[in-house]
Amino acid sequence: MTQQEVRRSADQVLSLAPDSVSRKAESKLGVPGRWFDAGCSREDVVWGGGSPEEGAKGPVGEGGSGLADPEAARRRAERRAERITAGAAELEQRLADLLRSGLATAERSGYGLWEETAARMVDAQAPGLASRVREFDSVVASGPDWPTRLLEECALLHLLSRGWQHRERLPGPLAATVRTRVGLPSAPAGPPVRDHWLVLAQYDLTDPRLTTRRIWLYGIGSGRTALVLSYGPAGRAPDLALPVGLALDAELSAHAGSGRLRATLGERFAAPAPATVRPPGVTTAGATVRYGEALRDDPWRESIPVTLDDVVPVPDGDGWQVADASGDTALPLVQGPAGRSGLWRLVALSGGGPVTVFGESGHRGFTPLTAWAPGSGEAVRL
């Protein structure tokens with residue numbers, strides 16, 4: 001274990017928190033230190049146990065919430081921004097050293113190198129950078145083409161670091177995305193939208209620190225797709241649970257950045273009720289186009305929500321793919337949260353015929369989450 005990995009006491013960790021709201025959130029959860037390392041997936045780097053702005057009064061800026069003393073909040077934000085900038089500069093140097101010595105050194109260095117670097121990013125209060133660094137080990141162990149994938153990850157991490165250092169030159173939405181990706185909290189931006197929100201999918205991501213529940217919703221009236229995140233301590237399911245296939249009459253407030261997909265669930269006007277509506281679908285080629293357009297606004301996005309219409313799951317060598325029933329294009333299937341059982345449910349529902357499938361489509365392929373049989377069949381969670 002390196003010196004950077006030496007455990008801190010709860011008091012030492014909480015003394016580093018950027019504001020009293022963060023300290024209160026940690027005390028409530030009983031997990032000191034989670035404010036700087038949510039342990040979430042790369043796709044949505046947010047503060048664990050609910051973001052600090054949930055208990056704040058006023059807008060959230062870089063590094064803190066708008067509390068009673070705006071000047072104190074501004075100073076805290078400036079201090080955190082300075083720490084992140086120093087951490088980003090250190091990360092740039094470490095990436096340069098890696099490329100200078102050759103990618104082969106990454107395989108020989110072992111796990112300790114990346115964990116130490118991630119710990120340095122945690123010290124810099126940049127959990128988003130730490131999260132991406134921690135994935136380097138899995139890339140090195142990912143198979144024969146790992147040097148290519150590691151170089152891609154280094155390039156994306158370099159891009160994020162440089163984006164932070166020059167965020168004031170970026171367009172507003174992209175700058176907001178960069179702030180979120182390095183690990184700063186985001187808050188709802190703009191008025192809430194009331195709609196009947198169809199629950200498209202729900203699944204949990206777990207790690208030793210946190211359970212993150214991802215809930216995809218589709219506005220029947222607005223036609224927009226939104227992601228609601230809910231959190232619970234490690235080993236415990238989050239409180240929010242919405243049954244797939246039902247519709248919820250509620251207000252949602254979108255967050256800035258990242259294509260404005262993430263949203264906060266507001267007032268609910270009725271209990272979830274059955275719905276026969278399903279979102280409009282696209283072809284597999286259309287899904288690829290949409291992902292490319294999303295990368296233009298957020299280069300670090302690994303996948304997008306998409307519904308595929310009239311596709312058939314078919315074997316593809318050792319794996320599977322979903323192919324257009326009336327076309328000649330397909331997407332490789334990636335196992336979802338349910339693993340192989342989700343794939344077999346999809347194959348059984350299809351029976352060799354076309355189905356409608358909602359999931360996440362990205363550079364690795366398509367992850368199926370929910371499917372509908374032709375006609376008025378109900379949603380099947382995969």
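I began with the term that Q125 requires: a residue is buried when its relative accessible area is under 20%. The model I am reading is predicted.

**Entry 1: Q125 and D310**

I looked up Q125 and found it in the loop between helix 5 and helix 6. Is Q125 buried or exposed? Its relative accessibility is 3%, so Q125 counts as buried. I then read its backbone angle: phi of Q125 is positive, near 60 degrees, although the residue is not glycine. I noted the background for this: most residues other than glycine have a negative phi.

I turned next to D310, which belongs to strand 9 (residues 303-316). Here too phi is positive in a residue other than glycine, with a value near 55 degrees. D310 counts as partly exposed because its relative accessibility is 42%.

**Entry 2: the chain as a whole**

I recorded 11 helices and 14 strands for the protein chain. The chain has 382 residues, of which 48% count as buried. Its accessible surface comes to about 17,600 Å², and carbon and sulfur atoms hold 53% of that surface. I also looked at contacts with a separation of 6 or more: 61% of them join residues 24 or more positions apart.

**Entry 3: helix 9**

Which residues of helix 9 are buried? For this helix, residues 172-182, I listed A175, A176, T177, V178, T180, R181 and V182. These buried residues pack against helix 6 (127-134), helix 8 (146-165) and helix 10 (284-297). After helix 9 comes G183, and its phi is positive, near 120 degrees.

**Entry 4: the nonpolar cores**

I then examined the largest nonpolar core, which has 29 residues. Which of its members touch the most other members? They are L91, A106, L129, F136, L150, L157 and W164. Two or more residues of this core come from each of helix 3 (70-101), helix 5 (111-123), helix 6, helix 7 (136-140), helix 8 and helix 9.

I followed A106 further. Apart from neighbours within four places in sequence, A106 is in contact with L98, W114, V140, W146 and L150. A second core, separate from this one, has 16 residues, including V306, W320, L333 and F366. I added a general remark: in soluble globular proteins, nonpolar side chains tend to be buried together.

**Entry 5: strand 3 and its partners**

I traced strand 3 (residues 193-206) to two partners. With strand 6 (residues 246-254), strand 3 pairs in the antiparallel sense over 6 bridges. Across this pairing, R194 stands opposite E251 of strand 6.

How many bridges join strand 3 to strand 4? I found 9 bridges, and strand 3 runs antiparallel to strand 4 (residues 210-219). The two strands form a hairpin, with 3 residues between them. In this hairpin, Q202 has I215 of strand 4 opposite.

**Entry 6: I215**

I closed with I215, which lies in strand 4. Its relative accessibility is 0%, so I215 counts as buried. Which residues does I215 touch, not counting those up to four places away in sequence? I listed V199, A201, Q202, A226, L227, V228, L240 and L242. Finally, I compared I215 with P243, 28 residues apart along the chain: their C-alpha atoms are separated by 9.7 Å.

Terms used
Residues are numbered from 1 along each chain as its sequence is written. This is a predicted model: local features need pLDDT of at least 70, side-chain atom pairs count only at pLDDT 80 or more; totals for chains, interfaces and linings use all residues. Side-chain values use heavy atoms; hydrogens and water are left out. Buried means under 20% relative accessible area, exposed over 50%, partly exposed in between (1.4 Å probe, protein chains only). Helices (H or I, at least four residues) and strands (E, at least two) are DSSP runs, numbered from the N terminus. Contact means heavy atoms within 4.5 Å. A nonpolar core is a set of buried Ala, Val, Leu, Ile, Met, Phe, Trp, Tyr and Cys residues joined through side-chain atoms within 4.5 Å. Two strands pair if DSSP finds at least two bridges between them. Accessible areas come from the Shrake-Rupley method with a 1.4 Å probe; for residues, only the protein chains shown count as cover.
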